[in-house]
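Hello,

Here is the structure for your files. My notes on how the helices and the sheet are arranged follow below.

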Amino acid sequence: MTISQTVYQLALKEAELLRAKKELDQVPEAAQIVECRAKRKELKAKQDQVIELTDEVSEKLARFEEEENRLLAKMRELQDTLDHSTDYRVTSKVTRDMDGLLKREQTINDETDALLERQIKIDNLAAQLADMLAKLDHKEHHLTEDFKEKGGEAKARVDALQAQIERLVGELPTVLQSRYAKVKAEKGGRGAAFLEGSHCSACHVELQTGALAKLKAGEAVTECPSCRRIFAARVEED
């Protein structure tokens with residue numbers, strides 16, 4: 001093929017590829033799979049929050065346990081002092097200190113109970129999230145199988161067209177390959193076009209008479225004056 005024929009075929013295959021991709025995207029299961037994945041992402045984020053809550057509760061419980069152990073050790077020391085002291089002033093002070101420690105121990109016990117109740121709720125939430133994720137995985141698996149069956153033909157056509165486009169691009173001169181890759185990235189996946197009557201086949205802009213005459217008199221392969229895609233102004237014969 002001539003270069004202009006290659007650009008012409010490239011533009012045709014790009015348009016066909018976009019139609020095939022649209023058909024593939026319109027398979028109902030495709031949208032449902034996307035929804036499943038978005039929901040999974042949301043549930044995973046909640047799982048991360050549950051893990052953080054569990055870690056927070058565990059840290060607080062560990063701190064309370066350490067403090068309670070210190071209180072118990074201190075109370076044993078005070079009790080030992082009471083057992084061996086006959087001084088009224090010492091006994092009074094130790095008793096007051098013991099009362100303070102007992103109150104603090106009761107506070108720790110109350111807060112520990114509250115934390116344990118909170119942990120039960122967190123564990124229940126974690127179990128619910130795990131169950132929801134399992135059901136979501138099951139649903140997505142079946143949707144994927146259905147999608148493969150219903151969308152298999154469209155997917156095969158997309159893959160075949162992409163391979164054909166890659167082969168056609170490989171037939172272009174290196175300079176045109178670079179220009180094509182750049183404009184394709186800028187133009188949503190379509191980097192080639194051809195003159196269709198008086199219009200660009202890609203951007204559909206109608207060219208004025210002067211511009212048309214200039215294109216037809218110039219290089220067979222140039223760029224669209226409007227969208228700047230590589231452009232087959234004339235499809236030359238081999």
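Helix 1 (residues 3-25) lies across strand 1 (192-196), strand 3 and strand 4, and runs at about 100 degrees to strand 1. Helices (H or I, at least four residues) and strands (E, at least two) are DSSP runs, numbered from the N terminus. Angles run from 0 to 180 degrees between N-to-C directions, and axes are lines fitted to C-alpha atoms, for helices over the stretch in contact. Helix 4 (residues 174-186) also packs on the sheet, touching strand 1, strand 3 and strand 4 (contact means heavy atoms within 4.5 Å). The direction of helix 4 makes about 115 degrees with that of strand 4.

This is a predicted model: local features need pLDDT of at least 70, side-chain atom pairs count only at pLDDT 80 or more, and totals for chains, interfaces and linings use all residues. Residues are numbered from 1 along each chain as its sequence is written, and side-chain values use heavy atoms, with hydrogens and water left out.

The sheet is open, with four strands in the order 2-1-4-3 and mixed pairing (two strands pair if DSSP finds at least two bridges between them). Strand 2 (199-200) and strand 3 (221-223) are at the edges with a single partner strand each, so one side of each has no neighbour in the sheet. Strand 3 and strand 4 (residues 230-232) run antiparallel, joined by three bridges; E223 has I230 of strand 4 as its bridge partner.

Helix 1 also packs against helix 3 (residues 88-170), at an angle of about 160 degrees and with axes 9 Å apart.

Regards
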